[in-house]
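Please open the structure in a viewer and keep the sequence panel visible. The tour below proposes a series of selections and describes what is found at each.

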Amino acid sequence: FISRDEFKNFRQLHSILQGHPDCKKVPGVDASTGSLGQGASTAAGVAAGMKMDGNPNYTYLILGDGESQEGQIWEASMFAGNHGLDNLIVFLDNNKMQLDGPTDTINSLAPAADKWKAFNFFTQEINGHDLVAISDAIDAAKAQKGKPSMIILDTIKGFGASFTEGVANCHSMSIPEELWRKETGRYE
């Protein structure tokens, strides 16, 4: 749980919300990675280790589509597919934007599903704003045997906030409380 006071330190050095999650500060985060694909290698290694130990749990990985332009993502994906890591479930936030603009104008992933299928992933494409569809996709992923799963979440960057929806330069922005109250109608 993150307190209201901690939100005031958003993007501040040494804060629980300093930017990329810090596993020493954020409950539930097992590894500090960043935006360069290290999370994919970490997740593949954890999933492989759990398989070797006979651990029946799953490893979940969330990737951005801009982040997926990194070579380390593809090395980890090749490893996961070649080793049949069916305990690895990956989510791709396919909002078609990254820090510098639309992914298609920088280094397109299209067709994303075909790329992960080529690495032996069970691949699904769903509406990433639909929680029931996400839950159903997780169930379908768990039912697959012998291959890792990729759930491509088709999303809109900044979805639901009029001042960020579809806006590339809102990446890592801090939202002033007054703007948040206006947008949400919450004045508590």
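**First stop: a serine in a strand**

Begin by selecting S149, which lies in strand β6. The model shown is a predicted one. Is S149 buried or exposed? With a relative accessible area of 1%, S149 is buried, because the cut-off for that class is under 20%. Display next the residues around S149: beyond its neighbours within four places in sequence, S149 is in contact with L88, I89, V90, F121, F122 and A141.

Extend the selection to the whole of β6. Five of the six residues of β6 are buried, so this strand is largely enclosed by the rest of the structure.

**Second stop: the sheet**

Now show the strands as ribbons. Four of them form an open sheet in the order β1-β2-β6-β5, and the pairing is parallel. Which strands are at the edges? They are β1 (59–64) and β5 (122–127), each of which pairs on one side only. From one strand to the next, the twist averages 20 degrees.

Select β2 (residues 88–94) together with β6 (residues 149–154): these strands pair in the parallel sense over six bridges. Two of the bridge partners can be located individually. L92 has I152 as its bridge partner in β6, and D93 has L153.

Turn then to the pairing of β5 with β6. These two strands run parallel and are joined by six bridges. One residue to pick out here is N127, whose bridge partner in β6 is D154.

With the sheet still displayed, add helix α6 (residues 131–143). This helix lies across β1, β2, β5 and β6, and runs at about 170 degrees to β5.

**Third stop: the nonpolar cores**

In soluble globular proteins, nonpolar side chains tend to be buried together. To see the largest nonpolar core of this model, which has 22 residues, select L63, L85, L88, V90, L92, W116 and M150, the members with the most contacts inside it. The elements that contribute two or more residues to this core are α2, β1, α3, β2, α5 and β6. Which element gives the largest share? That element is α2, with five residues.

Centre the view on V90. Not counting residues up to four places away in sequence, V90 touches L61, L63, F121, S149, M150 and I151. The residue S149 from the first stop is thus listed among the contacts of V90.

Another core, of nine residues, lies apart from the largest one; F91, A141, I151 and L153 are among its members.

**Fourth stop: the aromatic rings**

Show the side chains of the aromatic residues. How many aromatic pairs are there? The count comes to four.

Select Y60 and F91. Their rings form a stacked pair, at 6.4 Å centre to centre and with 20 degrees between the planes. Y60 lies in strand β1 and F91 in strand β2, so the pair ties together parts that are 31 residues apart in sequence. The two residues fall into separate accessibility classes: Y60 is partly exposed, with a relative accessible area of 40%, whereas F91 is buried, at 10%.

Move on to W74 and F119, whose rings form a tilted pair, at 5.5 Å centre to centre and with 35 degrees between the planes. W74 lies in helix α3 (residues 71–82) and F119 in the loop between α5 (112–118) and β5, so this pair ties together parts that are 45 residues apart in sequence. W74 counts as buried at 17% relative accessibility, and F119 counts as partly exposed at 23%.

**Last stop: Y58**

Return to Y60 and F91 and add Y58: the three residues form one aromatic cluster. Y58 lies in the loop between α2 (38–53) and β1. With a relative accessible area of 24%, Y58 is partly exposed.

Display the surroundings of Y58. Leaving aside its neighbours within four places in sequence, Y58 is in contact with M50, D86, N87, I89, K142 and K145. For K142 an atomic detail can be inspected: the side chain of Y58 reaches the backbone oxygen of K142 at 3.5 Å.

To close the tour, zoom out and select Y58 and L179. These residues are 121 residues apart along the chain, and their C-alpha atoms are separated by 38 Å.

Technical notes:
Residues numbered from 1 in each chain as written. Predicted model: local features only at pLDDT ≥ 70, side-chain atom pairs only at ≥ 80, totals over all residues. Heavy atoms only, no water. Pairing = 2+ DSSP bridges. Helix = DSSP H or I, 4+ residues; strand = E, 2+ residues; numbered from the N terminus. Axes fitted to C-alpha atoms, helices over the stretch in contact; angles between N-to-C directions. Contact = heavy atoms within 4.5 Å. Phe/Tyr/Trp six-rings, centres within 6.5 Å; stacked < 30°, edge-to-face > 60°. Buried < 20%, exposed > 50% of the residue type's maximum accessible area, 1.4 Å probe, protein only. Polar contact = N/O pair within 3.5 Å; in protein donor to acceptor, adjacent residues only side chain to side chain. Core = buried A, V, L, I, M, F, W, Y, C linked by side-chain atoms within 4.5 Å.
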